[in-house]
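Please open the structure in your viewer with the sequence alongside, and keep a selection tool ready. The tour begins with the whole chain and then moves to single elements and residues.

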Amino acid sequence: MQRIFLGLFALLLLAGCNTPKATTDKMAEQATTPMMKDDFRAKAPAAGPAPEIKLGDFQDFKLDNGLQVVLVENHKLPRVSYQLFIDVPPHLEGAYAGAGDIMGQMLRRATSDMTKEQIDEEIDFIGASLSTSGSGAFASTISKYKSKMMGMMAKVVLDARFPETEFEKVKSDAVAGLKSQLADPDAIASRVRRVLTYGADHPFGELTTEESLNNIDLPTIKKYYETYFVPNRSYLVMVGDLSRAEAEKLANENFGSWKKKDVPTPSFSMPKQPQGTVVSFVPRAGAVQSNIIISHPVELQPGTKEAIRAGIVNSILGSGFNGRLFQNLREDKGYTYGAYSSVSPSKVIGSFSANSNVRNEVTDSAVTQFMLELAKISSEPVTADELNRAKSLLNGSFGRALESPQRIASYALNTVRYGLDRDFYPTYLKKVAATSANDLLEVAREVITPQATNIIVVGDKSVAEKLASFATSGKVNFLDENGQPVEMVEMEAPSDLTVESVVRKYADAIGGMAAIEKVKNYKMTMEASVQGQTLSQTLIKDGGSKLSSQMTMMGMVMMDQRYNNGKAQMTQQGQTMPPNPEIDAAMKDQAALFPVVDLLSQLDKVKLDGIEQIDGKNVVVLAVEGATGTSRQYFDQESGLQVRTVQSQGGQTVTTDLGDYQTVGGIKLPYAMTISGAMPFAIEMKVTNAEVNAEIDQTLFELRE
């Protein structure tokens, strides 16, 4: 089914890539034209004097219940924005990891007298916006509705109700989102980075898992809300067209009755940098690139001169196109499309990280260049030109940031929350201008430590052994997608394992060849929730040479796909696509009643691609050469059932997870399918009805003229 989606996406990509040759030739000519010796673009302009920043003399006051209110008046435009920030103390959620995020999504789902739909209508009617999260809420509107909007935000937060029906939707979306993450190498690398940088027993390193999401129930959500949503750990930031008197009135009327209470603030040991350089590898069979992250914790407090200087160092190293990492790995070596770094100060514990995605064959070379650049910037002063350019960039980016009311609000909030000097942000650029190359070297030595860091790579395990030389221990640690150790010996394919044995075990697992041969057709009806709407799909296969698939939403046919003995037809929202041999070939494969079983007659197109782990279980990976490229099929090593398929095409990778097998007509069919990569969000399909050897309406396979 996923290959049908990919056929459509490939055509769209091809259409977007048909740039006229004359245009590309002209671009190439311009790109190769030598720059004039005196061209003003040959040298970056010198940084001017630090501009005077007028952030606005914000005011702050505290309500009797401990709520701290920050006001930034700005009467240039008739707009206001409100941010309620709940300073939830770092804590471990344990078996209920993810509860805070789900609670935040639930906040906007109902109040004592309003449903989600009524809340949405009220907000839309006044042209406002309102969002919630596990750490509070943000709202914006025009001045005319400043009072109404504040009331709505307060109502949503303080009068929150958690209806069971909405909870199930939010939880289902969270599970689908997590599955989407676990199919994305970038997301996997980010998850593993958190575990290795902070430790799995630290709040910053704790991961949400499908098991922890399944543990969460409504009482867990309510307990989180009642424990942490208190005024004495909260900040209300108001920015825009309102006066001090209005701010005081709005804050007291809407939040004055909020009852304060004590909040538990557990203590944790401080994460430590690794002893030496540690190399960790997450294997992904068939990966065509390696996702690299280099990371370690950093003790860097926000609002300090060290934090400012670390930001300048990062700008020079890898914050954008002019960074050393980008210039080295992309412009000079051509290993990647981009390479970047970041420094994150924190009151608890900060971090440094650098990252890039590179081709398999240059993974070790890319890591070499990363380590060289990290060693260089932490041992040698930056050049005068680099320092000048970094200051110029910061001057411009900081000024542009002040155009955003939300950014101004965050600056004011940081000032109060972290106890910064009132002139910290207004004089920020003066501090930047006064920074020297030696200042940067001093802080770089503390923040960037290539001799004590984590090198994390997600990719094909064939490149892993080349990375051992970077590790102080001389060995690579293998991990799963949750950062847990994996014994590679256990993941080695048994000597007697073959493609044929894997396929035959699958055939036995779904019912056996005798039962499979009795199947002449089958019909499946599936449903999924997509942004609050129900998406329905009816899939019918007949005789191995006919296929019909219709997707509907809100009573409308969104997509109609048909295949009949060598010819395919796709109609999307009433528009029929012109004939295309690639779609014909893709749908021919999908029309097979049991495509995996059919591999027994195509063993020359399949190879054993190793063993991986999914949800802690070993799975056998087969690489299958098909009409639309090579796909990877994953089979549970113990049960033999297919649990995942991965197809890459046109720069897009679609992953389909299969599960909840149920027996219909003597054959096991997957009743749960989660599709990731076809859309910006994961689609979780559930089978509502399945029939084997049913009466089939043959007109469903007819191709329309």
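What follows is a series of selections, each with a note on what is found there.

**The whole chain**

Begin with the full protein chain, bearing in mind throughout that this is a predicted model. Shown as a cartoon, the protein chain has 20 helices and 25 strands. Its radius of gyration is 29 Å, close to the 27 Å that the globule rule gives for 705 residues, so the chain is as compact as a globular protein of that length. If you orient the C-alpha trace along its principal axes, the spans are about 80 × 65 × 55 Å.

Colour next by burial: of the 705 residues, 53% are buried. Among contacts with a separation of 6 or more, 68% involve residues 24 or more positions apart. Switch to a surface, and the protein chain exposes about 33300 Å², of which carbon and sulfur atoms supply 50%. Colouring the side chains by charge shows 72 positive and 85 negative ones, with the centres of the two sets 4 Å apart.

**Helix 9**

Now select residues 218–228, which form helix 9. Which residues of helix 9 are buried? They are Leu218, Thr220, Ile221, Tyr224, Tyr225 and Tyr228. Looking down the axis of helix 9, you will find its buried residues within an arc of 165°, so they line one face of the helix. As a reminder for this view, an α-helix has 3.6 residues a turn, so residues three or four places apart point the same way. Turn to the other side of helix 9, where Pro219 and Lys223 are exposed.

To see what the buried residues of helix 9 pack against, add strand 3 (79–86) and helix 3 (99–106) to the selection, followed by helix 5 (146–158) and helix 6 (164–182).

**Thr674**

Move along the sequence to Thr674, which is placed in strand 24 (residues 667–676). Is Thr674 buried or exposed? With a relative accessible area of 2%, Thr674 is buried. Leaving aside residues up to four places away in sequence, Thr674 touches Lys179, Thr655, Thr656, Asp657, Ala682, Ile683 and Glu684, and showing these as sticks displays its surroundings.

**Gln301**

Select Gln301 next, in the loop between strand 8 (289–298) and helix 11 (305–318). Gln301 is partly exposed, its relative accessible area being 34%. With residues up to four places away in sequence not counted, Gln301 touches Ala307, Pro345, Ser346 and Lys347. For a distance across the model, draw a line from Gln301 to Thr141: the two are 160 residues apart in sequence, and their C-alpha atoms are 34 Å apart in space.

**Asn565 and Asn693**

The last two stops concern backbone angles. Asn565 is in the loop between strand 16 (556–564) and strand 17 (567–572), and its phi is near 50°, a positive value in a residue other than glycine. Asn565 is exposed, with a relative accessible area of 51%.

Where is Asn693 placed? It is in the segment after strand 25 (683–692). Phi of Asn693 is near 55°, which is again a positive value in a residue other than glycine. At 40% relative accessibility, Asn693 counts as partly exposed, the exposed class beginning over 50%.

Key:
Residues are numbered from 1 along each chain as its sequence is written. This is a predicted model: local features need pLDDT of at least 70, side-chain atom pairs count only at pLDDT 80 or more; totals for chains, interfaces and linings use all residues. Side-chain values use heavy atoms; hydrogens and water are left out. Helices (H or I, at least four residues) and strands (E, at least two) are DSSP runs, numbered from the N terminus. The radius of gyration is taken over C-alpha atoms; the globule rule is 2.2 Å times the number of residues to the power 0.38. Buried means under 20% relative accessible area, exposed over 50%, partly exposed in between (1.4 Å probe, protein chains only). Contact means heavy atoms within 4.5 Å. Accessible areas come from the Shrake-Rupley method with a 1.4 Å probe; for residues, only the protein chains shown count as cover. Lys and Arg count as positive and Asp and Glu as negative; His and the chain ends are not counted. The place of a charge is taken as NZ of Lys, CZ of Arg, CG of Asp or CD of Glu. The arc is that of the directions from the helix axis to the C-beta atoms.
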